[in-house]
Amino acid sequence: MKIRFMGSIFVVIVFAVSTVGFAQAAQQPVAGGAKAIPRTSDGKPDLSGTWKTVSSKVDPIQLTAWGLDRWNYNKLPKGNGARPNEDPIMNCYRPGLARLGPPLLVPGKSVAVRIDGESVPAPGGPASMDAIVITYGPHKVWMIYQYNQETRQIFTDGRKHPEVITDEDPSDQTSKWWNGYSTGTWDGDTFVVDTTNLRDETWLDNMGHENRQLHVVEHLRRVDADTLQIDRTLTDPKALAKPYATSATLKLMPNLPFQENVICDQYYVKKIAFGYGGLLGINNHPWQGSDRSISIQFVNPPDDKK
């Protein structure tokens with residue numbers, strides 16, 4: 001019995017050493033000096049880490065008649081963007097998966113604040129919050145967003161999406177969630193995330209495009225040791241005439257600290273006099289209460305008529 005016990009200890013030690021050796025081997029440089037893509041014990045690319053968007057591409061949105069009607073109602077009478085009083089975020093709702101991105105608050109655009117006729121960057125604007133942490137749990141992958149500290153759990157145990165409960169009462173959201181219900185599978189080295197059961201109160205973006213039957217499919221691929229590519233396809237037969245695609249490139253930033261970011265506080269509770277302070281993230285900036293002339297200019301907005 002004593003010999004068998006010692007033999008068991010030997011087997012455990014050998015297994016532990018080989019596991020450590022495998023993990024270390026995955027980290028060894030490849031030919032040319034480039035770092036190898038880290039992999040988990042099952043051989044799949046390890047997606048864990050802190051990632052920040054460095055570039056993105058967003059296709060123009062093509063709407064159904066219903067979607068166009070809703071957008072015409074939500075958008076500003078003049079200029080580009082949506083009426084703040086209609087924006088769910090400005091009314092303390094959570095942003096929803098479509099607007100979380102990456103890229104954050106799609107479609108992409110640049111925002112400039114003009115003070116006394118001069119254009120200056122918006123300090124602490126939404127783009128500075130476009131970072132996520134990916135980590136693993138038992139039979140699931142967790143995604144944690146810096147923006148509003150949102151979280152998603154992506155089930156990897158082979159389960160199906162729950163059935164959406166339909167009711168004559170359109171406010172019934174008991175089978176829907178702000179970030180939907182996500183399941184994940186591997187297609188080679190690409191992690192495919194399929195999300196349904198998304199709530200109706202959210203928007204597709206910050207331009208006033210609504211959704212009602214949203215379905216989001218994401219493809220996550222670790223291009224190299226420091227780069228993650230996330231491609232998303234959004235479909236909604238009620239609102240979108242054709243699928244709406246976004247693509248984002250993220251870089252690994254292990255030392256990037258997450259700042260506290262609560263959009264209900266920014267967008268609603270602390271709105272400053274000219275109404276857009278929360279949107280630009282400048283609530284506590286010295287400009288607040290200033291007598292100087294401040295206006296918002298949206299640059300290069302997407303053309304939804306294409």
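Mentor: Buried means under 20% relative accessible area, exposed over 50%, and partly exposed in between, with a 1.4 Å probe and protein chains only. The model is predicted: local features need pLDDT of at least 70, side-chain atom pairs count only at pLDDT 80 or more, and totals for chains, interfaces and linings use all residues. Residues are numbered from 1 along each chain as its sequence is written, and side-chain values use heavy atoms, without hydrogens and water.

Trainee: Is Trp 177 buried, exposed or partly exposed?

Mentor: The relative accessible area of Trp 177 is 37%. Buried needs under 20% and exposed over 50%, so Trp 177 is partly exposed.

Trainee: Are the rings of Trp 177 and Tyr 181 stacked, edge-to-face or tilted?

Mentor: Rings of Phe, Tyr and Trp (its six-membered ring) pair if their centres lie within 6.5 Å; planes under 30 degrees apart count as stacked, over 60 as edge-to-face and the rest as tilted. The centres of Trp 177 and Tyr 181 are 5.8 Å apart. Their planes stand at 45°, so the pair is tilted.

Trainee: Which residue forms one aromatic cluster with Trp 177 and Tyr 181?

Mentor: Tyr 181 is buried, with a relative accessible area of 15%. The residue that joins Trp 177 and Tyr 181 in the cluster is Phe 155.

Trainee: Which Arg lies over the face of Phe 155?

Mentor: A charge sits over a ring if NZ of Lys or CZ of Arg is within 6 Å of the ring centre and within 35 degrees of the ring normal. At 3.8 Å from the ring centre of Phe 155 lies Arg 159.
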